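This report covers a helix contact, the cysteines and some backbone features of one model.

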Amino acid sequence: MAKILIVDDEPRIRELIREHLQYAGYVCEEAGDGSAALSLLSGGGYDLVILDLMMPFMDGMTCLREMRTRHINTPVIILTARGEEYDKLAGLEGGADDYVVKPFSPRELVARVKAVLNRTMPRSESADGTMTFGELTIDTASHTVRVSGEEVSLTPKEFDLLVFLASNKGIALSREKILQKVWNYDYFGEDRTVDTHVKMLRGHLGKCRGYIATVWGIGYKFDPDAAR
């Protein structure tokens with residue numbers, strides 16, 4: 001199920017959005033300003049951000065620009081009390097996927113969330129835990145991976161690494177974050193564990209090796225769309 005981050009400085013607005021999205025079956029987390037949102041987004045794992053433009057400390061437009069600068073490509077729906085064409089265009093040109101003007105209908109917002117997720121969800125995931133990206137299929141229930149229908153043999157850690165990367169498609173993940181989430185220990189700068197495992201994993205994936213992109217100065221990103 002999709003995980004959504006709601007970013008708004010008004011608790012009552014966050015609560016209203018959360019209640020309707022949870023009723024629709026989504027998992028929700030909240031942040032009260034752009035800075036807090038960036039801290040949460042740096043950990044990956046979100047499928048969509050609902051981002052208010054008018055907030056203290058760090059406004060939504062600044063947060064959106066910073067997300068894209070950091071290669072956080074999570075889809076964004078902006079919320080704004082402004083109805084001017086300029087604000088809508090500025091948000092869309094800044095990297096937002098859609099916008100909703102306050103005051104809004106919660107049902108309309110949920111419909112827009114569904115529409116954006118239908119366009120942008122990075123994987124086709126069935127109820128049995130299967131993720132499909134082009135010719136790559138990952139079955140988390142049976143711990144199997146197939147490329148063009150042929151099963152690929154991975155070590156347990158290589159499988160965990162692939163699942164973590166694929167679950168955060170389009171997000172640049174640092175070596176530190178990968179070590180914390182996949183190996184459960186801290187990164188001290190000289191450890192080449194992640195690089196070694198990524199190299200081995202790419203070798204196993206064959207024609208899908210390009211799905212794992214190197215983000216220079218940061219780490220790695222699972223980006224099958226760019227590899228096509």
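How many disulfides does the structure hold? The model, which is predicted, holds zero disulfides. A disulfide is a covalent bond between the sulfur atoms of two cysteines. Cysteine 28 is buried at a relative accessible area of 13%, and cysteine 63 is buried at 0%.

**Helix contact**

Two packed helices are described by the angle between their axes and the distance between the axes. Helix α6 (residues 156-167) and helix α8 (residues 193-205) have axes that come within 10 Å and cross at roughly 85 degrees. An angle of 65 to 115 degrees counts as roughly perpendicular, so α6 is roughly perpendicular to α8. On the α6 side the contact is made by Lys157, Glu158, Leu161 and Leu162. On the α8 side His197, Val198, Met200, Leu201, His204 and Leu205 take part. By class, the residues of this contact are six nonpolar, two polar and two charged.

**Backbone features**

Most residues other than glycine have a negative phi, and most peptide bonds are trans. Lysine 102 and proline 103 are joined by a cis peptide bond with omega of about -10 degrees. Proline 103 lies in the loop between β5 (98-101) and α5 (106-120). Two residues with positive phi that are not glycine are listed below.

| Residue | Phi | Loop | Relative accessibility |
|---|---|---|---|
| Histidine 143 | about 55 degrees | between β8 (136-139) and β9 (144-147) | 49% |
| Serine 148 | near 55 degrees | between β9 and β10 (150-152) | 35% |

Histidine 143 counts as partly exposed, and serine 148 is also partly exposed.

Technical notes. Residues are numbered from 1 along each chain as its sequence is written. This is a predicted model: local features need pLDDT of at least 70, side-chain atom pairs count only at pLDDT 80 or more; totals for chains, interfaces and linings use all residues. Side-chain values use heavy atoms; hydrogens and water are left out. Axes are lines fitted to C-alpha atoms, for helices over the stretch in contact, and angles run from 0 to 180 degrees between N-to-C directions. Helices (H or I, at least four residues) and strands (E, at least two) are DSSP runs, numbered from the N terminus. Angles under 35 degrees count as roughly parallel, over 145 as roughly antiparallel, 65 to 115 as roughly perpendicular and the rest as oblique. Contact means heavy atoms within 4.5 Å. Ala, Val, Leu, Ile, Met, Phe, Trp, Tyr, Cys and Pro count as nonpolar, Asp, Glu, Lys and Arg as charged, and the others, Gly among them, as polar. A disulfide is a pair of cysteine sulfur atoms within 2.5 Å. Buried means under 20% relative accessible area, exposed over 50%, partly exposed in between (1.4 Å probe, protein chains only).
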